Amino acid sequence: MRAVSPDVVQLARFRARFGENRFRSISPEYFEWKHRRNPYLPGYIYLERRGEEVIGSASITPKKLLVLGQIVLGGEFCDAFTDARHRREGIFSRGMQAGIEYAATHGIQMLYGTPSLGSASYQGFLRKLGCELCPSARLHYMAKPLRPLKPFLKLGVKAVVKRRTRRSQPFRMLCRQVFGRTPCPPAQRDGEPLRISVLDRLAEDFDGLWGPPRYAFCTLRDRTYLTWRFLDNPDDYLLLGAHEGRDFQGYLAVKLSPDGATGVICDYITLHDNQLVFQGLLCEVERMLIERKVRQLVTYCMEGSPYFQTLETHCFADRGAERGLCVVVHSGTDLARRLLASSQPWHFTLADSDNI
Ligand SMILES: CC(C)(COP(=O)(O)OP(=O)(O)OC[C@H]1O[C@@H](n2cnc3c(N)ncnc32)[C@H](O)[C@@H]1OP(=O)(O)O)[C@@H](O)C(=O)NCCC(=O)NCCS
């Protein structure tokens, strides 16, 4: 194990006071990876102390982003925690403000965060930090049972039908979710077989933009980023890659909850957003997780994206955007203001947030 820097140890100890994160580790190794082994720029860590005791934390994680056709250094607001005895004393605001200053002096042109809609941190970002809710970025939580008959029988037909129809899911979709899996498309396109395999390293020569720029906002998913984010991460991720011949066509990253019951699709993209490739990846991940007795698959997806439609076709139920994560953007740069005004679609997944 590599040495862990003292501020990282203090951050991890302080974070541990707030309980586990559902899907990722909160160990010193995790924070060392996130802030000290970042391939672009060291992360910024703010710790507020009273005497020797840490009573608040905030941080910025640098990332390369593709924003409105421009590759820029960006950063994500992370690790916002204040000791319950010291809330509403301005600790979160001071920490994030210090992060905004770090960004301005280190060439970071775009800062964003993903608080829960309406939460205390969401209020703080909007009221104190010059952030705005990005209206064109609506993240939906989506879920699919992988062993659908078991919970169905347990709950009883009546309760399920009542709940589903209240959420106005079409009855056909309900039946598909309860009784079956979506048939997988033929893994064959234009005579070239689509080969899906688990990746433990990445070739250098793939297109980090995944086709011509087409999103208002997208993390630059090049080899450097994917290696850091998934392969060098102290947590375990399964990275599935799709190849057609020698050409890399897309990938999907998944991880399991600590109890092994939930598979979380953290990230995905395909060359030119090819949905046949995405379908092939979804089918393979479902097959692998059913074999491991995983009970459900969950993910986040942007409203209106082609991936959203494919997930629905694959029987993922849309649990909506209202209760989930939202995206706030710091409006301090011209680029950020143009992004906030843009109605172009985003490509944004759970891996673009600090939640995994
Ligand atoms: C969110 C959190 C970090 C805010 O920390 P804090 O140090 O109390 O925040 P600040 O004192 O800087 O408050 C900033 C502003 O946020 C808003 N805010 C903070 N807490 C709020 C609350 N409970 N309800 C409504 N607004 C709130 C207010 O506008 C506040 O400014 P004001 O006090 O002048 O009105 C803290 O509540 C916390 O640790 N919560 C649990 C962990 C968590 O949810 N972290 C966020 C992960 S994204």
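**Figure 1. Cysteines of the predicted model, with C301 at the centre of the view.** In this predicted model, C301 has a relative accessibility of 1% and therefore counts as buried, since the limit for a buried residue is under 20%. C218 is likewise classed as buried, its relative accessible area being 5%. C315, at 1% relative accessibility, is also a buried residue. How many disulfides does the count give? The count comes to zero disulfides, because a disulfide requires a pair of cysteine sulfur atoms within 2.5 Å.

**Figure 2. The loop that holds C315.** C315 is placed in the loop between α10 (306–313) and β14 (317–318). Although C315 is not a glycine, its phi is positive, at about 70 degrees. The residue counts as buried because its relative accessibility of 1% falls under 20%.

**Figure 3. The protein chain as a whole, shown for orientation.** The protein chain contains 11 helices and 15 strands. Of its 356 residues, 55% count as buried. Among contacts between residues at least 6 apart in sequence, 74% join residues at least 24 apart. The accessible surface of the protein chain comes to about 16,300 Å², and carbon and sulfur atoms account for 52% of it.

**Figure 4. Helix α3 and the elements that surround its buried residues.** Helix α3 covers residues 91–105, which makes 15 residues. What span should these 15 residues have at 1.5 Å a residue? The expected value is 21 Å, because the rise of 1.5 Å is multiplied by one less than the number of residues. The end C-alpha atoms of helix α3 are 21 Å apart, in agreement with that expectation. The buried residues of α3 are I91, F92, S93, G95, M96, A98, G99, I100, Y102 and A103. An α-helix has 3.6 residues a turn, so residues three or four places apart point the same way. Which elements do the buried residues of α3 pack against? Their partners are the strands β1 (44–50), β2 (53–67), β3 (70–82), β4 (110–113) and β15 (328–330), together with helix α4 (120–128). Just after α3, G107 adopts a positive phi of about 75 degrees.

**Figure 5. The surroundings of the ligand.** There are 16 residues around the ligand, and A80, T82, G90, S93 and K128 come nearest. S93 also belongs to the buried residues of α3. Three polar approaches to oxygen atoms of the ligand can be followed in this view. An N or O atom in the side chain of K128 lies 2.7 Å from an oxygen atom of the ligand. For G90, a polar backbone atom is 2.8 Å from an oxygen atom of the ligand. R87 places a polar side-chain atom 3.4 Å from an oxygen atom of the ligand. On its own, the ligand has 910 Å² of accessible area, and the protein covers 72% of this area.

**Figure 6. D79 in strand β3.** D79 lies in strand β3. Its phi is positive, at about 55 degrees, although D79 is not a glycine. Is D79 buried or exposed? D79 is buried, because its relative accessible area of 4% is under 20%. The side chains of D79 and K34 are joined by a polar contact of 3.0 Å. Beyond its neighbours within four places in sequence, D79 is in contact with several residues, including L11, R24, F31, H35 and D354. S57, A58 and S59 are also among its contacts.

**Figure 7. L111 in strand β4.** L111 is found in strand β4. With a relative accessibility of 4%, L111 is classed as buried. Residues up to four places away in sequence aside, L111 touches I60, G75, F77, I100, A103, V328, V329 and H330. Two of these residues, I100 and A103, are listed with the buried residues of α3. The C-alpha atoms of L111 and K63 are separated by 9.6 Å, although the two residues are 48 residues apart along the chain.

**Figure 8. A336 in helix α11.** A336 is found in helix α11, which comprises residues 334–341. Its relative accessibility is 0%, and A336 therefore counts as buried. Apart from neighbours within four places in sequence, A336 is in contact with M110, V329, H330 and S331. V329 and H330 are also touched by L111. How far apart in space are A336 and Q109? Their C-alpha atoms are 7.7 Å apart, while 227 residues separate A336 and Q109 in sequence.

Technical notes. Residues are numbered from 1 along each chain as its sequence is written. This is a predicted model: local features need pLDDT of at least 70, side-chain atom pairs count only at pLDDT 80 or more; totals for chains, interfaces and linings use all residues. Side-chain values use heavy atoms; hydrogens and water are left out. Buried means under 20% relative accessible area, exposed over 50%, partly exposed in between (1.4 Å probe, protein chains only). Helices (H or I, at least four residues) and strands (E, at least two) are DSSP runs, numbered from the N terminus. Contact means heavy atoms within 4.5 Å. A residue is near a molecule or strand if one of its heavy atoms lies within 4 Å of it. A polar contact is a pair of N or O atoms within 3.5 Å; within protein, one must be able to donate a hydrogen and the other to accept it, and residues adjacent in sequence count only if both atoms are side-chain atoms. Accessible areas come from the Shrake-Rupley method with a 1.4 Å probe; for residues, only the protein chains shown count as cover.
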